[in-house]
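Reader: I have a structure to look at and some terms I do not trust yet. Please take me through them.

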Amino acid sequence: MSRPRSTSSLMNLRRPEARAGRPVRRVSRPTSQGRQASPASLKTDLALAREEITSLRDERDRLREAVRQQLGQQLDQVSNRQLTDRTS
């Protein structure tokens with residue numbers, strides 16, 4: 001079983017610099033000169049956005065599971081202490 005992370009280390013995972021290897025994607029916008037983005041460019045931006053959303057959902061699920069496991073371990077420790085106190 002992996003070692004549980006502290007709350008601060010879990011929060012650090014949310015910071016962009018902590019997610020090494022995940023480039024920040026910029027969505028192209030129409031320029032101030034009145035030019036519009038091409039349909040191909042918009043399709044590319046949409047595909048990149050969908051990919052990033054999928055990645056973020058996966059990250060959310062991993063973090064949620066890590067927090068669930070950490071809270072479970074904390075509850076187990078409290079329960080074990082109470083049981084030990086009762087039997088002593």
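The turns below ask how some labels on this predicted model are justified.

Reader: How do you know that the length of helix 2 agrees with its number of residues?

Author: Helix 2 covers residues 39-87, which is 49 residues. At 1.5 Å a residue the expected span is 72 Å. The end C-alpha atoms are 71 Å apart, so the two values agree.

Reader: Which residues of helix 2 are buried?

Author: The buried ones are Asp45, Glu59, Leu63 and Gln70. The label requires a relative accessible area under 20%.

Reader: How many salt bridges does a search of the whole structure find?

Author: The search finds two.

Reader: Why is the contact between aspartate 61 and arginine 60 called a salt bridge?

Author: The cut-off is 4 Å between a side-chain nitrogen of Lys or Arg and a carboxyl oxygen of Asp or Glu. Here the N to O distance is 3.0 Å, so the pair qualifies.

Reader: What makes aspartate 61 partly exposed?

Author: Its relative accessibility is 37%, and partly exposed lies between the 20% and 50% limits. Arginine 60, at 40%, is therefore also partly exposed.

Reader: What makes glutamate 65 and arginine 68 a salt bridge?

Author: Their closest N and O atoms are 2.6 Å apart, which is within 4 Å. The two are three residues apart in helix 2, so about one helical turn separates them.

Reader: Why is arginine 68 called exposed?

Author: Arginine 68 has a relative accessible area of 51%, and exposed means over 50%. Glutamate 65 has 31%, so it is partly exposed.

Definitions and conventions. Residues numbered from 1 in each chain as written. Predicted model: local features only at pLDDT ≥ 70, side-chain atom pairs only at ≥ 80, totals over all residues. Heavy atoms only, no water. Helix = DSSP H or I, 4+ residues; strand = E, 2+ residues; numbered from the N terminus. Expected span 1.5 Å × (residues − 1). Buried < 20%, exposed > 50% of the residue type's maximum accessible area, 1.4 Å probe, protein only.
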